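Colleague: Could we walk through this model together, one question at a time? I am new to this, so please show me how you reason.

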Amino acid sequence: MTVTDWLLDSDPAIRWQVMSDLLDEPAEAVAAERSRVATEGWGARLLALQAPDGQWDGGTYNPAEETDPDAPGQPWTATHHTLVLLRELGLDPASAEARRAIGLVRENSRWEHDDEKYFDGEVEPCINGLVVAIGGYFGEAVQSIVDRLLDEQLDDGGWNCEAEFGSTRSSFHTTIAVLEGLLQHEQSTGASAEVSASRRWAEEYLLERRMLWRLSTGEVADPDFTRFSFPTRWFYDVLRGLDYFRGAGGAPDPRLDEALTLVESERGADGRWSLENPHPGKAHFELEAEGEPSRSVTLRALRVLEWAGERNSLSACLGLMGSYLLEPRTGGPRTGACPVLRSDPRFGCRCRTRGSDESGDPLRRSRRDTHVNCC
């Protein structure tokens, strides 16, 4: 089975995005497949769990019943987190099922913070960015939250949920959530000079840090940024950041090169990517298993690399290394420090030249593997 066949042998939420983003299928065929998200598979299962009052698990951000305080992570079953996932699965916002579900949320769901209506948002920009994305996607009015987020942008270009407690430095997690929300808002309602300027400023926050580094120390800001997950929840990782830039369009900025090389290096020998970092906590049901090849991650990785163009991975890796000595991956001791991902020894870049796949699979791009020890 080719990677293409494997991706298509899956949930409608995966299939329609493969057809649209990777195979360029006709719009009518994509729309027909997308319509099945509401009636089959993951999307249908989530919709079926909505209560008559519009809530999932009895609450907006938290379930009605308290969960075990010693359990890892946080619960992901309340209304807000479920809506985040339904948007990511691509539930058709014009479908009768979506209109019913969103109407119930609009009328009944209120934040635990101060009883605010769901689409009025609450106080944390990490949450409000996601609400803007949901509102924009499903056609709800969220301009008041957009205005608030623009006012809350920090001097370094990003956002941080801790700003209300005095933090003046932005967070990767919060910044990507707000960026996604503002992008969705513009895509849904039309471009705005003020919103576009805010996004460009926030994009520079990520680009200056080359998607994962600390400016202060030059170290990886968080090792989890290099481990890919789905659902991403409110967490940042490099693949999520790259997928944002893909969605924003335009040519990739050169400062994305290291992040793109990282994504390529995580590809397995079978052309697939694994689910590396599921975020623990109570969930409605498991989508995919940790450590196993993930269709969700593979889809996103492939479309990011497709957007980046026919990159020659070996050239990218060599270019990043500069004059440092490269030795075979299985060869003797290394004699050079890796200047690219130097703080994490798990990066041994599997650099591949671009070429044709003997299987003819258009998604596997290259099987002429040239292994070098970049790091």
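Modeller: Gladly! One definition before we start: the expected span of a helix is 1.5 Å times one less than its number of residues. Keep in mind, too, that this is a predicted model.

Colleague: What distance does helix H13 reach from its first C-alpha to its last?

Modeller: Helix H13 covers residues 295–308, which makes 14 residues. At 1.5 Å a residue, the span expected is 20 Å. The model comes close to that, with a reach of 20 Å.

Colleague: How many residues of H13 are buried?

Modeller: A residue counts as buried when its relative accessible area is under 20%. In H13 the buried residues include Leu 299, Leu 302, Val 304 and Trp 307. The helix is largely enclosed by the rest of the structure, because the buried residues number 12 of the 14.

Colleague: Which helices do the buried residues of H13 pack against?

Modeller: Some of these partners come early in the numbering: H1 (3–8), H2 (12–21) and H4 (41–48) are among them. The list also holds two helices with higher residue numbers, H11 (238–248) and H12 (257–265). Put together, the partners are H1, H2, H4, H11 and H12.

Colleague: Which residues of H13 are in contact with Leu 242?

Modeller: Leu 242 is one of the residues with the most contacts inside the largest nonpolar core, which has 88 residues. Leaving aside neighbours within four places in sequence, its contacts include Met 211, Leu 256 and Val 263. H13 runs over residues 295–308, and the contacts of Leu 242 in that range are Val 304 and Trp 307.

Colleague: Are the buried residues of helix H8 on the same side or on opposite sides?

Modeller: H8 spans residues 143–152, and its buried residues are Ile 145, Val 146, Leu 149 and Leu 150. They cover an arc of only 140 degrees around the axis, so they lie on the same side of H8. In general, residues three or four places apart in an α-helix point the same way.

Colleague: Is Asp 57 buried or partly exposed?

Modeller: Asp 57 sits in the loop between H4 and helix H5 (79–89). Its phi is near 55 degrees, a positive value in a residue other than glycine. Because its relative accessibility is 30%, Asp 57 counts as partly exposed.

Colleague: Which residue does a cis peptide bond join to Phe 230?

Modeller: Look in the loop between helix H10 (193–208) and H11. The omega of the cis bond is about -5 degrees, and the partner of Phe 230 is Pro 231.

Terms used
Residues are numbered from 1 along each chain as its sequence is written. This is a predicted model: local features need pLDDT of at least 70, side-chain atom pairs count only at pLDDT 80 or more; totals for chains, interfaces and linings use all residues. Side-chain values use heavy atoms; hydrogens and water are left out. Helices (H or I, at least four residues) and strands (E, at least two) are DSSP runs, numbered from the N terminus. Buried means under 20% relative accessible area, exposed over 50%, partly exposed in between (1.4 Å probe, protein chains only). Contact means heavy atoms within 4.5 Å. A nonpolar core is a set of buried Ala, Val, Leu, Ile, Met, Phe, Trp, Tyr and Cys residues joined through side-chain atoms within 4.5 Å. The arc is that of the directions from the helix axis to the C-beta atoms.
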